[in-house]
Amino acid sequence: METAFIQTPLGIAKLIGDSNGLESFSVLNNEETLTDVIPEVLEDAVYQLNEYFEGKREHFDLELNPQGTDFQQRVWKALSDIPFGKTTSYLDLSKTLGDVKAIRAVAAANGKNPLWIIVPCHRVIGSDGSLTGYAGGLHRKKWLLDHESPVKQQSLF
């Protein structure tokens, strides 16, 4: 398993993966030393993430290998189907998966997503449109949604 630490607009991110695919991507709340040489198996992920943050990429084309239960894998697959610049609610995601009563389990699986941004759990919001929990913090979730928004808010000052 290879690891890399890269700088992003959200802070230092940690990538873990091997020849089977990217296993995890998250943004840390603490400082780490940036990786001088990106391991070959992570180069494409770093390249695509940089394009995403530069506003040049809306979809990731990476081999993914997240570790989780069958149910979590189903939820993460459904997250990957949420289009760039769009959001859905936990309730709608539960309906998509065929069981409206599974809303809490869907929310829990969403919270365990090991591939932030790439598997876009930040695109799931409350039924009332509110920003709900995000493992990376609500400030990062807001930044990501603003970054992906087709309507860019301009500053008055």
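**Briefing: aromatic rings, salt bridges and surface charge**

Both Tyr52 and Phe53 are buried, and the rings of these two residues form an aromatic pair in a structure that is, it should be said at the outset, a predicted model. Five aromatic pairs turn up when the whole structure is searched, and the count of salt bridges likewise comes to five. The points below take up the rings, then the salt bridges, and then a charged patch on the surface.

**Aromatic rings**

- The rings of Tyr52 and Phe53 lie 5.3 Å apart, centre to centre, with 75 degrees between their planes, and this pair is edge-to-face.
- Phe53 also pairs with Trp143, and because the planes of these two rings stand at 50 degrees, with the centres 6.0 Å apart, the pair is tilted.
- Since Phe53 belongs to helix 1 and Trp143 to helix 5 (residues 138-148), this pair ties together parts that are 90 residues apart in sequence.
- The two partners differ in their exposure: Phe53 has a relative accessibility of 12% and therefore counts as buried, whereas Trp143, with a relative accessible area of 30%, is partly exposed.
- Through ring pairs, Tyr52, Phe53, Phe60, Phe84 and Trp143 are linked into a cluster.

**Salt bridges**

- Glu51 and Arg57 meet through their side chains in a salt bridge, with a distance of 2.8 Å from N to O.
- Glu51 counts as buried because its relative accessibility is 15%, and Arg57, with a relative accessible area of 18%, is buried as well.
- In helix 5, Lys142 and Asp146 lie four residues apart, which is about one turn of the helix, and a salt bridge joins Lys142 to Asp146, with the closest N and O atoms 2.8 Å apart.
- Lys142 has a relative accessible area of 45% and is partly exposed, while Asp146, at 41% relative accessibility, also counts as partly exposed.
- Another of the salt bridges is formed by Lys77 with Asp81, where the closest N and O atoms are 3.0 Å apart.

**Negative charge on the surface**

- A patch of negative charge on the surface gathers Glu40, Glu43, Asp44 and Asp61.
- One of these residues, Asp44, is found in helix 1, which covers residues 43-53, and Asp44 counts as partly exposed because its relative accessibility is 41%.

How values were computed: Residues numbered from 1 in each chain as written. Predicted model: local features only at pLDDT ≥ 70, side-chain atom pairs only at ≥ 80, totals over all residues. Heavy atoms only, no water. Patch = residues over 30% accessible without salt bridge, like charges linked within 9 Å, V, L, I, M, F, W, Y side chains within 5 Å. Areas by Shrake-Rupley, 256 points an atom, 1.4 Å probe, with all protein chains shown as cover. Salt bridge = Lys/Arg side-chain N within 4 Å of Asp/Glu carboxyl O. Lys, Arg positive; Asp, Glu negative; His and termini not counted. Charge placed at Lys NZ, Arg CZ, Asp CG, Glu CD. Helix = DSSP H or I, 4+ residues; strand = E, 2+ residues; numbered from the N terminus. Buried < 20%, exposed > 50% of the residue type's maximum accessible area, 1.4 Å probe, protein only. Phe/Tyr/Trp six-rings, centres within 6.5 Å; stacked < 30°, edge-to-face > 60°.
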